[in-house]
Amino acid sequence: GRKTAVARLGRVLQALRAADPARVLVRAWDNWPVHQPPTVLAEARAPRIRRRWLPTSAPGTHPTERPWRWLRQEVIPHHRLADHEPALQVRVGAFLDRFAHGADALLRSVGEWTD
């Protein structure tokens with residue numbers, strides 16, 4: 001439920017800060033109810049976290065939608081693997097692994113990185 005999601009989001013923010021203490025994190029933030037409780041907002045205001053408020057009613061302009069569109073176009077076009085979940089999991093994992101040690105290409109795809 002919502003209470004669990006709020007607690008989980010707080011832990012995720014803490015873990016992200018702990019994983020790379022020197023890096024400033026930019027988080028897409030919208031009006032999702034889990035983003036609103038005071039405990040979550042306090043974690044999100046912690047040092048090295050910057051929130052970018054985004055509209056919830058315009059998913060085409062939401063940067064977090066672009067990587068998923070990229071994933072759908074590159075990895076699962078026409079859902080060819082829909083009946084083969086293990087194969088689909090491997091392909092999605094390989095797509096996400098490309099960004100495990102840096103996400104320059106991903107940031108370029110959402111318009112947040114320029115050379």
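**Exercise 1. Decide whether Arg17 is buried or exposed, and find what surrounds this residue.**

Arg17 has a relative accessible area of 17%, and the scale used here calls a residue buried under 20% relative accessible area, exposed over 50%, and partly exposed in between (1.4 Å probe, protein chains only). Arg17 is therefore buried. The structure is a predicted model, in which local features need pLDDT of at least 70 and side-chain atom pairs count only at pLDDT 80 or more, while totals for chains, interfaces and linings use all residues. Residues are numbered from 1 along each chain as its sequence is written, and side-chain values use heavy atoms, with hydrogens and water left out.

The next step is to place the residue: Arg17 belongs to helix α1, where helices (H or I, at least four residues) and strands (E, at least two) are DSSP runs, numbered from the N terminus. Contact means heavy atoms within 4.5 Å, and, leaving aside neighbours within four places in sequence, Arg17 is in contact with Leu25, Glu43, Ala46, Pro47, Arg48 and Ile49.

**Exercise 2. Find the salt-bridge partner of Glu43 and explain what the pair ties together.**

A salt bridge is a side-chain nitrogen of Lys or Arg within 4 Å of a carboxyl oxygen of Asp or Glu. Glu43 meets this condition with Arg17, since the closest N and O atoms are 3.0 Å apart. Glu43 lies in helix α2 (residues 38–44) and Arg17 in helix α1 (residues 2–19), so the pair ties together parts that are 26 residues apart in sequence.

Glu43 is itself buried, with a relative accessible area of 18%. The side chain of Glu43 also makes a polar contact with the side chain of Gln14, at 2.9 Å; a polar contact is a pair of N or O atoms within 3.5 Å, where within protein one must be able to donate a hydrogen and the other to accept it, and residues adjacent in sequence count only if both atoms are side-chain atoms. Not counting residues up to four places away in sequence, Glu43 touches Gly10, Leu13, Gln14, Arg17 and Ile49.

**Exercise 3. State how many salt bridges the structure holds, and describe the ones not yet treated.**

The structure holds three salt bridges. One of them joins Arg23 to Asp20, with the closest N and O atoms 3.7 Å apart; in this pair Arg23 is exposed, at a relative accessible area of 53%, whereas Asp20 is partly exposed, at 32%.

Another is formed by the side chains of Glu74 and Arg98, at 2.3 Å from N to O. This pair links distant parts of the chain, with Glu74 in helix α3 (residues 65–74) and Arg98 in the loop between α4 (85–97) and α5 (104–109), 24 residues apart. Glu74 counts as partly exposed at 36% relative accessibility, and Arg98 likewise counts as partly exposed, at 41%.

**Exercise 4. Name the residues of the largest nonpolar core and the elements that give two or more residues to this core.**

A nonpolar core is a set of buried Ala, Val, Leu, Ile, Met, Phe, Trp, Tyr and Cys residues joined through side-chain atoms within 4.5 Å. The largest has 10 residues in all: Val6, Leu9, Leu13, Leu25, Trp29, Val34, Val40, Leu41, Ala44 and Ile49. The elements giving two or more residues to this core are α1, β1 (25–29) and α2. A second, separate core has six residues, including Leu71, Val75, Ile76 and Phe95.
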